[in-house]
Amino acid sequence: MSNHVYKLIELTGSSPTSSDDAMQRAIAKASESVRNIQWFEVIETRGHVKDGKIAHWQVTLKVGFTLEG
């Protein structure tokens with residue numbers, strides 16, 4: 001493992017499809033403006049129930065990226 005220094009950010013992704021889709025959306029959006037994303041950790045998963053079914057997912061992630069320089 002290299003001698004990297006990481007910075008952490010917290011993201012919350014949402015999706016009507018699945019928790020996985022919510023995570024993918026959060027990381028994809030963050031990747032548009034944050035370089036060197038290396039890992040993530042799921043902090044919280046929650047959702048909205050409508051008519052006895054899951055209607056919406058929200059997943060909060062801690063995301064680590066390496067600092068340049």
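**Exercise 1.** In this predicted model, find the place of Glu-41 and decide whether Glu-41 is buried, partly exposed or exposed.

*Solution.* Start with the strands: Glu-41 sits in strand 2. Next, look at its relative accessible area, which is 39%. Buried means under 20% and exposed means over 50%, so Glu-41, at 39%, is partly exposed.

**Exercise 2.** Which residues is Glu-41 in contact with, once neighbours within four places in sequence are left aside?

*Solution.* Setting those neighbours aside, you should find Thr-60, Leu-61 and Lys-62. Now try a distance: from C-alpha to C-alpha, Glu-41 and Gly-64 are 8.6 Å apart in space, while 23 residues separate them in sequence.

**Exercise 3.** Search the whole structure for aromatic pairs: how many are there, and is the pairing of Tyr-6 and Trp-39 stacked, tilted or edge-to-face?

*Solution.* The search gives 1 aromatic pair. The ring centres of Tyr-6 and Trp-39 lie 6.4 Å apart, and their planes meet at 70°. Planes over 60 degrees apart count as edge-to-face, so this pair is edge-to-face. Finally, place both partners: Tyr-6 belongs to strand 1 and Trp-39 to strand 2 (residues 37–50), so the pair links distant parts of the chain, 33 residues apart.

**Exercise 4.** Which residues form a nonpolar surface patch with Tyr-6, and how accessible is each member?

*Solution.* Tyr-6 is joined by Leu-8 and Trp-39, and together they have about 260 Å² of accessible area. Leu-8 lies in strand 1 (residues 6–15). Take the members in turn: Leu-8 has 43% relative accessibility, Tyr-6 has 33% and Trp-39 has 31%. Each counts as partly exposed.

Key. Residues numbered from 1 in each chain as written. Predicted model: local features only at pLDDT ≥ 70, side-chain atom pairs only at ≥ 80, totals over all residues. Heavy atoms only, no water. Patch = residues over 30% accessible without salt bridge, like charges linked within 9 Å, V, L, I, M, F, W, Y side chains within 5 Å. Areas by Shrake-Rupley, 256 points an atom, 1.4 Å probe, with all protein chains shown as cover. Salt bridge = Lys/Arg side-chain N within 4 Å of Asp/Glu carboxyl O. Helix = DSSP H or I, 4+ residues; strand = E, 2+ residues; numbered from the N terminus. Buried < 20%, exposed > 50% of the residue type's maximum accessible area, 1.4 Å probe, protein only. Phe/Tyr/Trp six-rings, centres within 6.5 Å; stacked < 30°, edge-to-face > 60°. Contact = heavy atoms within 4.5 Å.
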